[in-house]
Amino acid sequence: MNSADFQLVSGADLSFSGVVNVYNPARIDEAVGTIPRMAGGDVDKVVQAAHRAQPGWAALSPVERYERIAQALAAIDMAGADELLTREHGKVRADAARELKYLDYPVKFLQTHLQWLAEGEDLGDNGMHHTKVYRAPYGVVGLLTPWNVPIGMGIITIAPALLAGNSVIAHVPVTAPLTVLRIFGQLAAALPKGVLSLISSPDTAVAQALVEHPLVRNVHFTGSTPIGALVAKEAADTMTTVTLELGGNDPAVVLDDALDDAAIYGRFIAAAFPFGGQACIALKRLYVPKARVGEVVEGLGAALTNTVVGDGLDPATTMGPLHTAVIRDNVKRLLEEARAAGGTVQEYGMLASDPDKGYFMLPAVVSGLENSASVVAEEQFGPVLPVIGYDSVDEAIAMANDSEYGLGSSVWSADVEYAARVAGRIDAGMTWINAHGGAGVDGRAPWGGVKLSGTGRGGANRAGLEGFTEAHAVIMPGSGVRGA
């Protein structure tokens, strides 16, 4: 089995009580590895170590910090990491390998902002004032990273937080911590002790102690909306700045002319079912012209027919298990409610593994329901795609916006300029044209949502650097002021 030792990366002398087993969702009786069982009382030691390390790290120039981070990332030993991620997460091995490539994101998108980070922004001289705005690190930053894309979502928060001059404490997901600890543990070991610390525990007191600690001045949480709301409340007493990247129920508005391309169904499937649909920016609601609902369902079914659901380490598998029993059971509930409401639920593909020995489910397409049905209104976070018909584009936009969420969205049309105008009417933090989710992500763009999908913006880009720094305006007398 694999095991992880926080002592290697925390910069603090911690005490542990036993271990936590990490299980394989494709073989639920198989323990993939262990992590030490951490207690809430240990968090203060980690924060104090990070607090001591931060001034020396911040004293380096942005260029020096960038070079240290980039060199450390380039030197990481990736051997076997894709297999380990598949075993503890469940995603197919090709998806695990693809996720590991996200480690290149900081190198690609952060370097262009080094001068801005070092020199600030000159607002110019308007006669009365000559003002410059500099960016200052918070000090100690706490990150709570998600289980579904632990490496990809981890690096786009850890890297900009470090580059901004903060020391970082990342609470990594307890159900999938092993690959994160192996990869980011190497990054931590290449930096000064305490600059990057990794913690994890099933004890909620550990995450709570991190969020509430008075020396932690910024918290970035990625996860569910209910937990995000709890994080915001816990941080409020110390006036800690919080960025929340929360759940989504992403709609796609498909215009009639887009359906003339038969290849579009494969693109819908790729958008809707990454990691079995377990992605915050997966396509979760498909709005199509009402007269073409049957045609669309048939096209989606044909694209899903050859799906093989099984162990992600099997080369024949195209979709792995869901990550936990709780997620599987919630998806089952939504499908049962859809059937009870009179909807048509059609499952496709082949089960290549025993569903009693892993959290396996066939992908399903649901039709014949109103926009208010639970399978449409709730975030499914599984292999389910509801198809909803509309009579007009205005109606489609109204249904797309009739949600408490607003993370990602998309518009599909042969007329890109018209699609862009439609996109401007959708309530979302991100809208893609003729793409959705991972296929449409631009690493330069701010990442985040509106409504219950979160607050603030991030990414391994300028938005991320802004989110992990505080603005400091230096205002001098302008050229028109006597004695200036």
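Two residues are taken to be in contact when heavy atoms of theirs lie within 4.5 Å. In the predicted model described here, this criterion gives Ser201 a set of partners consisting of Met38, His171, Val174 and Val206, once residues up to four places away in sequence are set aside. Ser201 itself is found in the loop that runs between β8 (196–199) and α10 (204–212). Because buried residues are those under 20% relative accessible area, Ser201 counts as buried with its relative accessibility of 5%. The side chain of Ser201 also has polar partners in the backbone: one of its polar atoms lies 3.1 Å from the backbone oxygen of Met38, and a polar atom of this side chain lies 3.0 Å from the backbone nitrogen of Asp203. Met38 is thus named both among the residues that Ser201 touches and as the owner of a backbone oxygen facing the Ser201 side chain at 3.1 Å.

At the level of the whole protein, the model contains 18 helices and 21 strands. The radius of gyration is 23 Å, close to the 23 Å that the globule rule gives for 484 residues, so the protein is as compact as a globular protein of that length. Taken along the principal axes, the box filled by the C-alpha atoms is roughly 75 × 65 × 40 Å. Of the 484 residues, 57% count as buried, and the accessible surface comes to about 19,200 Å², with 53% of this area belonging to carbon and sulfur atoms. Among contacts with a separation of 6 or more, 73% are accounted for by residues 24 or more positions apart.

An open sheet of 7 strands, with mixed pairing, follows the order β14-β16-β17-β12-β11-β18-β19. The edges are formed by β14 (344–347) and β19, each of which has a single partner strand, so that one side of each is left without a neighbour in the sheet. On average, and with direction ignored, neighbouring strands of this sheet are turned by 20° against each other. Within the sheet, strand β11 (residues 250–254) and strand β18 (residues 408–412) run parallel and are joined by 3 bridges, with Val254 standing opposite Trp412 in β18. Helix α16 (residues 393–401) packs on the sheet, where it touches β11, β12 (283–289) and β17, and its direction makes about 140° with that of β17. Helix α14 (residues 325–340) lies across β14, β16 (364–367) and β17 (384–390), and runs at about 135° to β14.

An antiparallel arrangement is seen for strand β4 (residues 121–125) and strand β5 (residues 129–137), which pair over 4 bridges. In this pair, Asp122 stands opposite Lys132 in β5. The hairpin of β4 and β5 has 3 residues between the strands, and Gly127 takes a positive phi near 95° there.

Positive phi values also occur at residues other than glycine. Met239, which is not a glycine, has a positive phi of about 55° and lies in the loop between α11 (225–236) and β10 (241–245); with a relative accessibility of 69%, Met239 counts as exposed. Lys451, likewise not a glycine, has a positive phi of about 55° and is placed in the loop between β19 (430–433) and β20 (454–455). The relative accessible area of Lys451 is 38%, and this residue is therefore partly exposed.

Methods
Residues numbered from 1 in each chain as written. Predicted model: local features only at pLDDT ≥ 70, side-chain atom pairs only at ≥ 80, totals over all residues. Heavy atoms only, no water. Helix = DSSP H or I, 4+ residues; strand = E, 2+ residues; numbered from the N terminus. Buried < 20%, exposed > 50% of the residue type's maximum accessible area, 1.4 Å probe, protein only. Polar contact = N/O pair within 3.5 Å; in protein donor to acceptor, adjacent residues only side chain to side chain. Pairing = 2+ DSSP bridges. Rg over C-alpha atoms; globule rule 2.2 N^0.38 Å. Areas by Shrake-Rupley, 256 points an atom, 1.4 Å probe, with all protein chains shown as cover. Axes fitted to C-alpha atoms, helices over the stretch in contact; angles between N-to-C directions.
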